[in-house]
Amino acid sequence: MSQGTDNKGRDAVVLLSGGLDSATVLALALARGFRCHTLAIDYGQRHRAELDASEALSKQLGAASHRVIAIDLRAIGGSALTDDIAVPEGGTEGIPITYVPARNTVMLSLALGLAETLNAMDLFIGVNAVDYSGYPDCRPEFIASFQTLANLATKAGVEGRRFTIHTPLIDLTKAQIIAAGIEVGVDYSLTVSCYQANGRGEACGRCDSCRIRQSGFETAGITDPTRYCQ
Ligand code: ZN
């Protein structure tokens with residue numbers, strides 16, 4: 001990805017869930033000179049506190065604007081995050097039940113619509129194919145396909161402008177993501193990764209997301225600033 005002033009003032013749409021990965025992506029995009037418009041999707045997730053975290057992070061890191069789009073994926077269900085299914089705490093085989101059917105397709109589609117309206121040809125998403133949970137819509141093949149779709153599906157694309165889907169974390173381990181974020185000033189105590197965080201944004205310390213995050217801080221040799229519920 002191009003660095004620094006090359007991108008100065010270029011508008012970008014950044015999907016910002018309020019978790020560790022997307023906060024890092026926003027800080028990296030800002031450090032590379034993009035003028036970032038953050039987008040949070042209220043899809044009916046259990047961990048509502050991440051939406052508050054998203055708004056706080058957008059302000060604190062210095063995004064140009066923040067939006068929330070509500071699209072209730074509980075109407076589809078099928079996930080421990082959007083349905084009456086317990087969040088697993090012991091690790092699972094295969095694609096875990098915290099997978100939300102077609103979530104990144106839905107989110108990137110909304111981000112694409114916003115980007116076209118804002119004349120922003122750059123989209124950022126914090127997908128990661130290393131320390132992830134095996135979600136199919138976090139793979140590079142999916143992102144490449146979506147970029148092709150973005151350029152076929154839009155007026156901007158047909159008129160010859162090119163959308164780029166940036167995934168600066170895709171090849172990084174969780175520890176590398178944390179180290180990169182610290183370098184660009186992310187305050188990880190503001191981020192909420194837990195799948196069942198309470199209303200104050202305090203983490204359970206037991207779910208898959210908490211465990212991946214904890215071991216990331218450990219490997220990076222950085223004190224875990226996460227607020228845990230007692
Ligand atoms: Zn948790």
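## E1 and E4 in the sheet

In this predicted model, strand E1 (residues 11-15) lines up parallel with strand E4 (residues 122-124), and three bridges hold the pairing. One of the matches to look at is Val-14, whose bridge partner in E4 is Phe-124.

Zoom out and you get an open sheet of five strands, ordered E3-E2-E1-E4-E5 and paired in parallel. E3 (65-70) and E5 (164-166) sit at the edges with a single partner strand each, so one side of each has no neighbour in the sheet. From one strand to the next, the twist averages 25°.

## E2, H2 and E3

Over on the other pairing, E2 and E3 run parallel and are joined by six bridges. Ala-40 is matched there with Val-68 of E3. Put helix H2 (residues 49-61) between E2 and E3 and you have a right-handed β-α-β unit.

## H3 on the sheet

Helix H3 (residues 103-118) packs on the sheet and touches E1, E2 (35-42), E3, E4 and E5. Its direction makes about 160° with that of E1.

## The nonpolar cores

The largest nonpolar core counts 40 residues, and Leu-15, Leu-108, Leu-123, Ile-143 and Phe-163 have the most contacts inside it. E1, E2, H3 and helix H4 (140-153) each chip in at least two residues, with H3 giving the largest share, six residues.

Leu-15 is a handy place to start looking around: beyond its neighbours within four places in sequence, its contacts include Leu-39, Ile-41, Met-107, Leu-108, Ala-111 and Phe-124. There's also a second, separate core of 22 residues, with Ala-23, Val-25, Ala-29 and Phe-34 among them.

Notes. Residues numbered from 1 in each chain as written. Predicted model: local features only at pLDDT ≥ 70, side-chain atom pairs only at ≥ 80, totals over all residues. Heavy atoms only, no water. Pairing = 2+ DSSP bridges. Helix = DSSP H or I, 4+ residues; strand = E, 2+ residues; numbered from the N terminus. Axes fitted to C-alpha atoms, helices over the stretch in contact; angles between N-to-C directions. Contact = heavy atoms within 4.5 Å. Right-handed = clockwise from strand over helix to strand, strands pointing away. Core = buried A, V, L, I, M, F, W, Y, C linked by side-chain atoms within 4.5 Å. Buried < 20%, exposed > 50% of the residue type's maximum accessible area, 1.4 Å probe, protein only.
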